[in-house]
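Biologist: I'd like to learn how to read a model like this one. Could you walk me through it, starting with a helix?

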Amino acid sequence: MVGSALVRKLQSEGYDNLVLRTRAELDLLRQSEVQRFFDQEKPDSVFLAAARVGGILANSASPAQFIYENLQIQTNVIHGAFRAGMNRLLFLGSSCIYPKFASQPITEDSLLSGKLEPTNESYAVAKIAGVAMCEAYNQQYGTRFITAMPCNLYGPNDNFDLNTAHVLPALMRKLHAAKVQQLASVEIWGTGRPMREFLHVDDLADACLFLVRNYSESKLINVGFGEDIAIAELAGLISEVVGFEGELVFNSDMPDGTPRKLLDVSKLNALGWKPRHALRDGIEETYAWYLSHHQA
Ligand code: GFB
């Protein structure tokens with residue numbers, strides 16, 4: 001999802017010199033393949049969007065894959081880029097790697113200031129290592145490896161698999177299917193009380209290019225929408241967009257995860273960047289994409 005948004009953004013800005021590889025062409029888990037790729041291609045800038053990601057259930061079910069694959073991918077790419085002489089790289093963290101009970105909105109210096117959310121601790125430890133690795137390479141080798149910390153993302157090419165997806169695409173798929181099958185109700189995981197901040201992936205891509213052009217500090221920087229919404233309210237909003245009129249049933253046996261993770265985006269706003277997609281517009285656009293790409 002993020003990678004394809006970055007390609008759309010860069011191509012729309014006239015970059016026709018993008019060096020792209022599918023997973024079949026370049027396995028980022030293999031250090032030798034990654035080293036050979038960077039030695040051969042020597043790109044001017046690297047956007048590292050590849051990772052093992054997933055929603056609250058996927059993180060709880062596969063902690064070993066999340067920590068191994070994310071450590072392996074980021075270590076291979078960050079070191080491979082440095083070793084081949086690249087100076088600019090953008091690494092992506094995630095708002096869920098901040099402490100579970102960080103004061104809200106979350107400022108960049110909250111990282112490592114408290115206990116992590118258990119449901120995605122493996123992912124968070126791996127991603128925190130990536131943040132620290134970029135800062136260490138900048139300090140020791142004078143690289144410009146910057147870290148963007150996005151909030152929850154959504155948009156075209158998202159993952160709609162109900163077992164591994166994040167909440168927004170999962171609810172879109174469930175509510176769409178319920179409308180088509182005229183079901184009386186749809187199950188929403190948890191209490192519906194957690195708050196989440198959602199940024200359209202095209203806004204994230206725009207912010208990433210903005211940062212590569214305008215940000216050179218070694219410290220990470222938050223990239224968020226600036227407002228959050230309760231899961232129950234999100235479910236109601238998606239129901240309206242999809243046209244589902246049945247009942248929303250909350251299953252509190254399923255985990256809520258972090259109660260809130262609203263990012264403080266004053267640093268990025270002060271640099272002159274703001275998102276363009278309002279949440280409802282973004283959900284409508286994503287639903288139109290979903291309908292044209294997925295069978296009911
Ligand atoms: O998006 P999500 O899976 O992950 O869940 P997180 C967000 C909230 O939505 C949780 C609730 O409180 C879920 O209980 N929810 C309600 C649902 N219905 C559903 C549903 O059908 N599917 C899903 N998936 N959730 C993730 C991290 O945390 O944040 C990842 O685990 C990643 O590592 C991501 O960083 C950005 O937002 O809680």
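Modeller: Sure, and keep in mind that this is a predicted model. Let's begin with helix α4, where F66, E69, N70, I73, Q74, N76, V77, I78, G80 and A81 are buried.

Biologist: Which elements do the buried residues of α4 pack against?

Modeller: Their partners are α2 (31-41), β1 (45-48), α3, β2 (88-92), α5 (121-141) and β3 (144-150).

Biologist: How do I check the length of α4 against what its residues should span?

Modeller: Count 1.5 Å a residue, so the 21 residues of α4 (residues 63-83) should span 30 Å, and the end C-alpha atoms are indeed 30 Å apart. After α4 comes G85, with a positive phi near 90°.

Biologist: Now the ligand. Which residues come nearest to it?

Modeller: There are 23 residues around the ligand, and I56, C96, K174, P255 and D256 come nearest.

Biologist: What polar atoms lie by the oxygen atoms of the ligand?

Modeller: Look for pairs of N or O atoms within 3.5 Å. A polar side-chain atom of K174 is 2.8 Å from a ligand oxygen. For N152, a side-chain N or O atom sits 2.9 Å from an oxygen of the ligand, and V167 has a polar backbone atom 2.9 Å from a ligand oxygen.

Biologist: How much of the ligand's accessible area does the protein cover?

Modeller: On its own the ligand has 700 Å² of accessible area, and the protein covers 97% of that. Elements giving two or more residues to the shell are α3 (56-61), α6 (167-180) and β5 (185-189), with the largest share, 4 residues, coming from α6.

Biologist: What classes of residue make up that shell?

Modeller: Sort them by class and you get 12 nonpolar, 7 polar and 4 charged residues.

Definitions and conventions. Residues are numbered from 1 along each chain as its sequence is written. This is a predicted model: local features need pLDDT of at least 70, side-chain atom pairs count only at pLDDT 80 or more; totals for chains, interfaces and linings use all residues. Side-chain values use heavy atoms; hydrogens and water are left out. A residue is near a molecule or strand if one of its heavy atoms lies within 4 Å of it. A polar contact is a pair of N or O atoms within 3.5 Å; within protein, one must be able to donate a hydrogen and the other to accept it, and residues adjacent in sequence count only if both atoms are side-chain atoms. Accessible areas come from the Shrake-Rupley method with a 1.4 Å probe; for residues, only the protein chains shown count as cover. Ala, Val, Leu, Ile, Met, Phe, Trp, Tyr, Cys and Pro count as nonpolar, Asp, Glu, Lys and Arg as charged, and the others, Gly among them, as polar. The expected span of a helix is 1.5 Å times one less than its number of residues. Buried means under 20% relative accessible area, exposed over 50%, partly exposed in between (1.4 Å probe, protein chains only). Contact means heavy atoms within 4.5 Å.
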